[in-house]
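Welcome! Here is a short briefing on charged side chains and where they sit in one protein model. Have a look at the structure, then read on.

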Amino acid sequence: MQCDSFGDIWLIDIMFIGGSGLYKLENLGQIEEVNIPTPFGETSDPIIIGSIDDLKVGFMPRHGKNHSLLPSEIPYRANIFAIKALGADNIVSISAVGSLRENISPLDVVIPDQLIDRTSSVSRGNTFFGNGVVAHVSFADPYCPNLRALIRRCCQNIDANFHFGGDLVVIEGPQFSSRSESNLYRSWGADIIGMTALPEAKLAREAEICYATVAMVTDYDCWRPEQEGVSADLVVDNLKNNNLISKSLIKLICENINITEVACNCDKSLEKALMGEIDMENESVRKIHPIIEKYICLLYTSPSPRDRG
C-alpha cells in the first residue's frame with residue numbers, strides 16, 4: 001500500500017528494525033505492507049505493519065528483505081522519519097555484533113548502554129537538522145533507560161545468557177576490522193562491535209523516539225590471536241542459531257511494552273535543543289515538520305552559551 005499522506009498511515013506502538021539475518025517478523029496478524037513517503041528518499045524496504053494481540057507493531061529489515069544494502073547505503077534518515085510519521089514511541093533494534101571480550105560469547109545477548117562512533121557519520125546522514133534549522137540534542141546516554149530495563153527483564157524471563165550494559169563501537173564497514181583495530185577498540189573499553197547502530201540511535205533521539213539495541217553476538221571479531229578472522233558465513237550461521245531467542249524476546253517485549261520500568265525523557269529530547277526561531281516559511285522546517293511539530297509555536301530568541309562554535 002502506498003501512503004500518500006500521513007493521515008492514511010496506521011499509528012503503531014512499537015517498531016522493530018531487523019539487522020543481518022532477521023528479515024521478517026513472525027506471529028503478526030492483520031498484516032499490511034506500506035511505503036511511507038519521506039523527504040529523505042525511500043526507506044530500506046516497505047514497512048510491515050500488523051498486530052500482536054492488541055498491540056500495533058511495525059517491522060523493517062534494515063538492509064532490505066534481500067539484504068541488498070551495505071551499512072553505509074542504509075537510508076537511516078528516511079527510515080527514522082517514516083517511523084516517526086507512523087507515530088511509534090519505541091524502536092527496538094535487533095543487531096548482529098562481534099564480541100571484544102572473552103566473557104561475552106557468541107550466542108550471548110548484550111543490551112548496550114554506550115556507543116562509540118567510528119563511522120563516516122556525515123555521509124550516512126547523521127542529523128535531521130541544518131540549512132537554517134539548528135538543534136543540539138543530548139546524547140550522553142544514547143539508549144532509552146526504560147527500554148533497556150524492559151529488555152533486561154524479558155531476557156531474564158526466557159533465561160537468556162545476557163549482559164546488561166556495554167560499549168558498542170560502530171565502524172563504517174563493510175569490511176570487518178583488522179586485528180590491530182580490534183585490539184585498539186578493546187583498549188578503549190569497547191565490549192562489542194557493529195556497523196549500523198549509528199546514526200540510527202542519533203536520529204531516533206532527534207525524533208524523540210525511545211530506542212534500544214538487542215545485540216546478538218555472533219563471533220569474537222578478530223582480536224584473539226589463535227582464532228581466524230570473522231566471515232559473513234559465521235555471522236549468519238550463529239544468527240540462525242540465535243533465532244529462537246530473538247523470537248522469544250520480541251514476543252515478550254510486545255507483551256510488556258506498556259509497562260514503565262524506568263522513567264525516561266526521550267520524548268522531550270528537543271525541548272532544550274532547538275536554537276533560534278522556528279519559521280514555517282523556511283523550507284527546511286517544512287521538510288522535517290513531523291520531527292519538530294510540537295515545537296513550531298516556540299521561539300528561541302537567544303543562543304545557548306553552550307552552543308559550541
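**Glu228 and its surroundings**

Once neighbours within four places in sequence are set aside, Glu228 is in contact with Arg179 and Asp221. Keep in mind that this is a predicted model. To find Glu228 yourself, look in the loop between S12 and helix H6 (232-241). Is Glu228 buried or exposed? Glu228 is exposed, because its relative accessible area is 68% and the cut-off for exposed is over 50%.

**Salt bridges across distant parts of the chain**

- How many salt bridges does the structure hold? There are ten salt bridges in the structure.
- One of them joins the side chains of Glu208 and Lys294, with a distance of 3.1 Å from N to O.
- This pair links distant parts of the chain, since its two residues are 86 residues apart.
- You will find Glu208 in the loop between helix H5 (197-206) and strand S12 (210-219), while Lys294 belongs to the segment after helix H9 (289-292).
- The two partners have opposite labels for accessibility: Glu208 is buried, whereas Lys294 is exposed.
- Glu208 has a relative accessible area of 7%, so it falls under the 20% cut-off for buried.
- Lys294 has a relative accessible area of 52%, so it passes the cut-off of over 50% for exposed.

**A salt bridge within one helix**

- The side chains of Lys251 and Glu255 also form a salt bridge, this time at 2.5 Å from N to O.
- Which helix holds Lys251 and Glu255? Both residues lie in helix H7 (residues 243-256).
- Lys251 and Glu255 are four residues apart, which is about one turn of the helix.
- Lys251 is partly exposed, with a relative accessible area of 44%, and Glu255 is partly exposed at 43% relative accessibility.

**A salt bridge between Asp267 and Lys268, and a network**

- Another salt bridge brings together the side chains of Asp267 and Lys268, at 3.5 Å from N to O.
- Asp267 counts as partly exposed, at 38% relative accessibility.
- Lys268 is partly exposed as well, at 40% relative accessibility.
- Elsewhere, Glu102, Arg224 and Glu226 are joined into one network by salt bridges that share partners.

Key:
Residues are numbered from 1 along each chain as its sequence is written. This is a predicted model: local features need pLDDT of at least 70, side-chain atom pairs count only at pLDDT 80 or more; totals for chains, interfaces and linings use all residues. Side-chain values use heavy atoms; hydrogens and water are left out. A salt bridge is a side-chain nitrogen of Lys or Arg within 4 Å of a carboxyl oxygen of Asp or Glu. Buried means under 20% relative accessible area, exposed over 50%, partly exposed in between (1.4 Å probe, protein chains only). Contact means heavy atoms within 4.5 Å.
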